[in-house]
Amino acid sequence: MIVPWMNFVGSVEGGFPPAVITMTIGFNPIWGTIQQFLIMSLVAGNLDTLKHIRVPRFVSVLLTAFIFSIVHFPYTLLVAGTFLLAIVYALVYFKHRNLWVLGLFHGWLESFFCFFVLGKDAWMTFVESIW
């Protein structure tokens, strides 16, 4: 866990901040907004507006959080974290219906979480997957 932090602070060659974190901070909000649209708008929004079945708001929030978190299986830390965050995201979405802010926050949080907690270079993982 300390290695990514040391690379971030002590990087002479890469400069400050490293290009990888800069790229993920720029790219991940786009992907975060797409994810928020898929889960909040399509799942939570549709559960909230069903005509024939009245789904209580707390059920919509928990079901949305469950669906969002299960996508991150088998990484238990991500499953737990995304479940809790999706509860917050859903509550904010139901109150404000603003996907842009949720997507921006989602992307930035994902960037820092991957880099500092998981020690993963999300940008290089993405680049390697498309080459």
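Student: What does the secondary structure of the protein come to?

Tutor: Happy to start there. This is a predicted model, and the protein's secondary structure comes to six helices and zero strands. Along the sequence the pattern reads α-α-α-α-α-α.

Student: How many residues does the protein have, and what share of them is buried?

Tutor: The protein has 131 residues, and buried ones make up 33% of them. For the contacts, take those between residues at least 6 apart in sequence: 69% of these join residues at least 24 apart.

Student: Let's look at one helix. How do I relate the number of residues in α4 to the distance between its end C-alpha atoms?

Tutor: Use 1.5 Å a residue: the 21 residues of α4, residues 76-96, should span 30 Å, and the end C-alpha atoms are 30 Å apart, so the two agree. You can try the same on α3, residues 57-70. Its 14 residues should span 20 Å, which agrees with end C-alpha atoms 20 Å apart.

Student: Which residues of α4 are buried?

Tutor: They are Leu78, Val79, Thr82, Ala86, Tyr89, Ala90, Tyr93 and Phe94. These cover an arc of only 120 degrees around the axis, which puts them on the same side of α4. On the face turned away from that buried side you will find the exposed residues Leu77, Leu84, Lys95 and His96.

Student: And which residues are buried in α3?

Tutor: In α3 the buried residues are Ser60, Val61, Thr64, Ala65, Phe68 and Ser69. They take up an arc of only 150 degrees around the axis, so they sit on the same side of α3.

Student: At what angle do the axes of α3 and α4 cross?

Tutor: Roughly 140 degrees, and the axes come within 8 Å. The two helices are therefore oblique to each other, since only angles over 145 degrees would count as roughly antiparallel. The crossing is right-handed. On the α3 side the contact is made by Arg57, Ser60, Val61, Leu62, Ala65, Phe66, Phe68 and Ser69, and on the α4 side by residues including Val79, Thr82, Ala86, Ala90 and Phe94.

Student: How do α4 and α5 pack?

Tutor: Here the angle is about 160 degrees, with the axes 11 Å apart. That makes α4 and α5 roughly antiparallel to each other, and α4 passes α5 in a right-handed crossing. The contact involves Leu77, Leu78, Leu85, Tyr89, Val92 and Tyr93 of α4, which meet Leu99, Leu102, Phe105, His106, Leu109, Phe113 and Val117 of α5.

Student: Could we zoom in on phenylalanine 113? Where is its place, and is it buried or partly exposed?

Tutor: Phenylalanine 113 is in helix α5, residues 99-117. Its relative accessibility is 25%, so it counts as partly exposed. Leaving aside neighbours within four places in sequence, phenylalanine 113 is in contact with Leu77, Leu78 and Leu118. Take leucine 78 as a case: it is 35 residues from phenylalanine 113 in sequence, and their C-alpha atoms are 9.6 Å apart in space.

Student: Now for two glutamines. Where does glutamine 35 lie, and what is glutamine 36 in contact with?

Tutor: Glutamine 35 lies in helix α2, residues 19-48, and glutamine 36 is in α2 too. Glutamine 35 is buried, with a relative accessible area of 13%, while glutamine 36 counts as buried at 0%. Leaving aside neighbours within four places in sequence, glutamine 35 is in contact with Phe68, His106 and Glu110. With the same neighbours left aside, glutamine 36 is in contact with Ser41, Phe68, Tyr89, Leu99, Leu102, Gly103 and His106.

Student: Finally, what should I look for in the backbone angles?

Tutor: The general idea is that most residues other than glycine have a negative phi, and most peptide bonds are trans. Arginine 97 has a positive phi, near 55 degrees, in a residue other than glycine. Arginine 97 follows α4 and lies in the loop between α4 and α5. With a relative accessible area of 39%, arginine 97 is partly exposed.

Student: Which residues does a cis peptide bond join?

Tutor: Phenylalanine 73 and proline 74, with omega about 15 degrees. Proline 74 is found in the loop between α3 and α4.

Definitions and conventions
Residues are numbered from 1 along each chain as its sequence is written. This is a predicted model: local features need pLDDT of at least 70, side-chain atom pairs count only at pLDDT 80 or more; totals for chains, interfaces and linings use all residues. Side-chain values use heavy atoms; hydrogens and water are left out. Helices (H or I, at least four residues) and strands (E, at least two) are DSSP runs, numbered from the N terminus. The expected span of a helix is 1.5 Å times one less than its number of residues. Buried means under 20% relative accessible area, exposed over 50%, partly exposed in between (1.4 Å probe, protein chains only). The arc is that of the directions from the helix axis to the C-beta atoms. Axes are lines fitted to C-alpha atoms, for helices over the stretch in contact, and angles run from 0 to 180 degrees between N-to-C directions. Angles under 35 degrees count as roughly parallel, over 145 as roughly antiparallel, 65 to 115 as roughly perpendicular and the rest as oblique. A crossing is left-handed if the near helix is turned anticlockwise from the far one by less than a right angle, and right-handed if clockwise. Contact means heavy atoms within 4.5 Å.
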